[in-house]
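Reader: Please take a close look at the salt bridges in this model, and then place what you find in the surrounding strands. I would like one connected account.

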Amino acid sequence: MNTELTGSVHMAGDVGRGVDVVIHLEEETLTLVAAGGAEPGTWSLDDVGISSKPDGFHLHLEGEEIVLRTDDDARF
């Protein structure tokens, strides 16, 4: 399973659109790459907590919570 989507991320509680990202979802990892090629991070799927909420997917990563919005929620 290799899926590539586009979307945006921001810290939970922040207002606004956030940072545009390309989302690479592979068999065992999730990678977020920001516009311009900056890579915010790669995480093992075992280490990612995900909950779907009305404002996007809330990802719990390394003690932080970010909100991910995608261009295709069903594929995510």
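Author: This predicted model holds 1 salt bridge. The partners are Arg 17 and Asp 20, whose side chains meet at 2.9 Å, N to O. Arg 17 counts as exposed because its relative accessible area is 51%, and exposed means over 50%. Asp 20 has a relative accessible area of 39%, so Asp 20 is partly exposed, a class that runs between 20% and 50%.

Asp 20 takes us to strand β2, which covers residues 19–25. β2 pairs with strand β1 (residues 3–11) in the antiparallel sense, over 7 bridges. In this pairing Glu 4 stands opposite His 24 of β2. Strands of a sheet pair through backbone hydrogen bonds, either parallel or antiparallel.

β1 also pairs with strand β7, residues 64–70, again in the antiparallel sense and over 5 bridges. Here Gly 7 is set opposite Thr 70 of β7. β7 in turn has strand β6 (residues 56–61) as an antiparallel partner, with 5 bridges between them. Phe 57 stands opposite Leu 68 of β7.

These pairings belong to an open sheet of 7 strands, in the order β4-β3-β2-β1-β7-β6-β5, with antiparallel pairing. At its edges are β4 (41–44) and β5 (49–53), each of which pairs on one side only. Direction ignored, neighbouring strands of this sheet are turned against each other by 30° on average. In a regular strand the side chains alternate between the two faces of the sheet.

Strand β2 also has a part in the largest pocket, which holds about 170 Å³ of space. The elements that give two or more residues to the lining of this pocket are β1, β2 and β7. Val 19 and Val 21 are among the lining residues, which also include Val 9, His 10, Glu 64 and Ile 66. Others in the lining are Leu 32, Pro 40, Trp 43, Leu 61 and Glu 62. By class, the lining divides into 8 nonpolar residues, 1 polar and 2 charged.

To return to the starting point, the salt bridge joins the side chains of Arg 17 and Asp 20.

Note on methods
Residues numbered from 1 in each chain as written. Predicted model: local features only at pLDDT ≥ 70, side-chain atom pairs only at ≥ 80, totals over all residues. Heavy atoms only, no water. Pairing = 2+ DSSP bridges. Helix = DSSP H or I, 4+ residues; strand = E, 2+ residues; numbered from the N terminus. 1 Å grid on protein atoms, 1.4 Å probe; cavity = no way out; pocket = protein on both sides within 12 Å on 5 of 7 lines; lining within 4 Å. Points joined across faces, edges and corners; volume = space filled by probe spheres on them. Nonpolar A, V, L, I, M, F, W, Y, C, P; charged D, E, K, R; others polar. Salt bridge = Lys/Arg side-chain N within 4 Å of Asp/Glu carboxyl O. Buried < 20%, exposed > 50% of the residue type's maximum accessible area, 1.4 Å probe, protein only. Axes fitted to C-alpha atoms, helices over the stretch in contact; angles between N-to-C directions.
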